[in-house]
Every structure is written in structure tokens, then in C-alpha cells.
Amino acid sequence: MLKRSFTFLLLFFSLSAPPTYAKSSLEKSGDIIHLLLPATALSTTLFIEDDYEGSWQLIKTGVVSRVAVEGLKFAVDKDRPDSSGNDSFPSGHTADSFAAATFIQQRYGWKWGVPAYIAATFVGYSRV
């Protein structure tokens, strides 16, 4: 239990880390959390819980989510605001984050799911 708590605390401390300014601080912090949510979930299943079944479930969740997102991006054909392409909708960052948050909630309960969903919501907000 202590190891699990440590991993999830890492998630929350990262939310308060000072932003880097390569992009806007909001967008950059969204990018960091977008990577941190699935990384936290995967590291918890592999290194703390020794839950290889959970690891495979997370990987399958990510793959299915990504295939759906890429299919929708192809079908919707929405231009990006900076004119860098026509694949702006739906947001892959947001989909990845909510897939990881849903995995965390279903695997570890609402105690960890609520903060994960809050973090995923922040990622979605940072993409707008």
C-alpha cells in the first residue's frame, strides 16, 4: 500500500512543479500530465503491484483508444488552429489521459480515480 501511495503522490507533486516555457505553460503542463498519467499507471502495475494482467489491460486500453482517435481524426478532417494539419479533433492527448484515468479508477477505485480524472480534465482544458 505504501508503494502504491508513493507512485500516486508522484502524480500529484508533478502537478505543482514549475512549468517550463518551451510552449505556453498551460500547454506544456498538459503535455507533461498527458505522459505522466499512463506512465504512473503502468509503473504501478509493473513495479509496485506486480500486476502483469493490469499492465496488459492498460496497454490494450491505450491501443484501442488510439485506434479510435486516429480513425475519428481521419473521418472528421478538422483543421488545427495553427494550420499545421487537419487532424485536430478529437484530441489524442485528452483521449490518452482519459483512457489512463479510467484504467486507474477501475483498477484502484475512486480514491485514485477522482484525482486521475481531474488531471485528465486539466489535460483536455490545456488542449483548447
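**Five helices, questioned**

Mentor: The protein exposes about 7800 Å², and carbon and sulfur atoms supply 66% of that area (Shrake-Rupley method, 1.4 Å probe; for residues, only the protein chains shown count as cover). This is a predicted model, in which local features need pLDDT of at least 70 and side-chain atom pairs count only at pLDDT 80 or more, while totals for chains, interfaces and linings use all residues. Residues are numbered from 1 along each chain as its sequence is written, and side-chain values use heavy atoms, with hydrogens and water left out.

Trainee: What is the mean pLDDT of the protein?

Mentor: The mean is 79, and 74% of the residues reach 70 or more; pLDDT is the predictor's confidence in each residue, from 0 to 100. Among the elements, helix α1 (residues 2-15) has the lowest mean, 50, and α5 the highest, 93. Over residues 15-22 the pLDDT is below 50, and beyond near neighbours in sequence this stretch has four contacts in the model (contact means heavy atoms within 4.5 Å).

Trainee: What makes up the secondary structure of the protein?

Mentor: Five helices and zero strands, in the order α-α-α-α-α along the sequence. Helices (H or I, at least four residues) and strands (E, at least two) are DSSP runs, numbered from the N terminus.

Trainee: Why is α4 called roughly antiparallel to α5?

Mentor: Helix α4 (residues 92-108) and helix α5 (residues 110-126) pack at about 175°, with axes 8 Å apart. Angles under 35 degrees count as roughly parallel, over 145 as roughly antiparallel, 65 to 115 as roughly perpendicular and the rest as oblique. The angle falls in the second class, so α4 is roughly antiparallel to α5. The axes are lines fitted to C-alpha atoms, for helices over the stretch in contact, and angles run from 0 to 180 degrees between N-to-C directions.

Trainee: Which residues in α4 meet α5?

Mentor: H93, T94, S97, F98, A101, T102, I104, Q105 and Y108 do; their partners in α5 include W110, W112, A116 and V123. The residues of this contact divide into 10 nonpolar, eight polar and no charged (Ala, Val, Leu, Ile, Met, Phe, Trp, Tyr, Cys and Pro are nonpolar; Asp, Glu, Lys and Arg charged; the others, Gly among them, polar).

Trainee: Why is Q105 called buried?

Mentor: Buried means under 20% relative accessible area, exposed over 50%, and partly exposed in between (1.4 Å probe, protein chains only). Q105 has 13%, so Q105 is buried. Not counting residues up to four places away in sequence, Q105 touches W110, G113 and Y117.

Trainee: How do you know that G54 is buried?

Mentor: The relative accessible area of G54 is 0%, so G54 is buried. G54 is found in helix α3 (residues 52-76) and, leaving aside residues up to four places away in sequence, touches T45, F103 and R107. G54 and R107 lie 53 residues apart along the chain, yet their C-alpha atoms are separated by 7.7 Å.

Trainee: How much of the protein is buried?

Mentor: Buried residues make up 34% of the 128 residues. Those of helix α2 (residues 25-48) include G30, D31, I33 and T45.

Trainee: Is D50 buried or exposed?

Mentor: D50 has a relative accessible area of 51%, so D50 is exposed. Its place is in the loop between α2 and α3.

Trainee: What is notable about the phi of D50?

Mentor: Phi is near 50°, a positive value in a residue other than glycine. Most residues other than glycine have a negative phi.
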